[in-house]
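Biologist: Please take one part of this model and look at it closely. Short sentences would help me follow.

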Amino acid sequence: MNTDRLYQHGTLAMLVPGLFAGTQKIEELLQHGNTGIGTLTGLDGELVIIDSKVYQVNAQGAVREVGSEEEVPFANVHYQADKSVGKLQGLDLSGFQKTVLERLQTANLLLQYALRGGLRRCIHARCCRNSHRIQRLLKQLQVKKNSTLRISRVH
């Protein structure tokens, strides 16, 4: 298990002209990593991969576990090698980022944060709705079909 590599299936350059059809099954994707992000066929929501469990967050904010036979047009995965930075409290985003980088002693690596705990405020997230017309241009889809979610219970 190599924790120094990021595997990417598909490219943003493929999505821009409207190539939204899934081209790799989830079970195949998980052979390259246990943590990551992506989207499902038709840009159907956001894909979140944590500890080899794959979840879809759709445009309504509903979360479901994704089946191994479902397909992605785009995803990034890697094998997570956790390194704790200890307990952090009372930090805004800038303070959080600065503290994490100082404790990890790096400013030149791709990082993924795993946070445990709750937030005082809500999270605003943008999520794409499913596009049944696969040939639709990404730019048009973003303007017409994106949803902004307000998630207020985060634990």
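Modeller: Buried means under 20% relative accessible area, exposed over 50%, and partly exposed in between (1.4 Å probe, protein chains only). Helices (H or I, at least four residues) and strands (E, at least two) are DSSP runs, numbered from the N terminus. This is a predicted model: local features need pLDDT of at least 70, side-chain atom pairs need 80 or more, and totals for chains, interfaces and linings use all residues. Residues count from 1 along each chain as its sequence is written, and side-chain values use heavy atoms, without hydrogens or water.

The part to look at is strand β8, residues 74-78. First, its setting. The protein chain has four helices and ten strands. Along the sequence they follow the pattern β-α-β-α-β-β-β-β-β-β-α-β-α-β. Of the 155 residues in the chain, 33% are buried.

Now the strand itself. β8 is mostly covered, with five of its five residues buried. Which residues point which way from β8? F74, N76 and H78 point one way. A75 and V77 point the other way. All of them are buried.

Next, the neighbours in the sheet. Two strands pair if DSSP finds at least two bridges between them. β1, residues 7-9, pairs with β8 in the antiparallel sense over three bridges. One pairing to find is H9, whose bridge partner in β8 is A75. β3, residues 35-39, is joined to β8 by five bridges. β3 and β8 also run antiparallel. There, T39 stands opposite F74.

Step back to the whole sheet. Six strands form an open sheet, in the order β1-β8-β3-β4-β5-β6. The pairing is antiparallel. β1 and β6 (63-65) stand at the edges. Each has a single partner strand, so one side of each is left without a neighbour in the sheet. One step along from β3 comes β4. β3 and β4 pair in the antiparallel sense over three bridges. In that pairing, G38 has L47 in β4 as its bridge partner.

Return to β8 and pick out H78, which lies in this strand. Is H78 buried or exposed? H78 is buried, because its relative accessible area is 16%. What does H78 touch? Contact means heavy atoms within 4.5 Å. Neighbours within four places in sequence are left aside. H78 is then in contact with R5, L6, H32, G33, N34, T35 and Q112. Contacts in the chain often join distant positions: of those with a separation of 6 or more, 61% link residues 24 or more positions apart.

A75 and V77 lead to another feature. They belong to the largest nonpolar core. Such a core is a set of buried Ala, Val, Leu, Ile, Met, Phe, Trp, Tyr and Cys residues joined through side-chain atoms within 4.5 Å. This one has ten residues: I26, L29, L40, L47, I49, V54, V66, V72, A75 and V77. β8 supplies at least two of them, and α2 (26-29) and β4 (46-50) each do as well. In soluble globular proteins, nonpolar side chains tend to be buried together.

Finally, take L47, another member of that core. Again leave aside neighbours within four places in sequence. L47 is in contact with I26, G36, I37, G38, T39, L40, V54, Y55, V66 and V72. Among these contacts, I26, L40, V54, V66 and V72 are also core residues.
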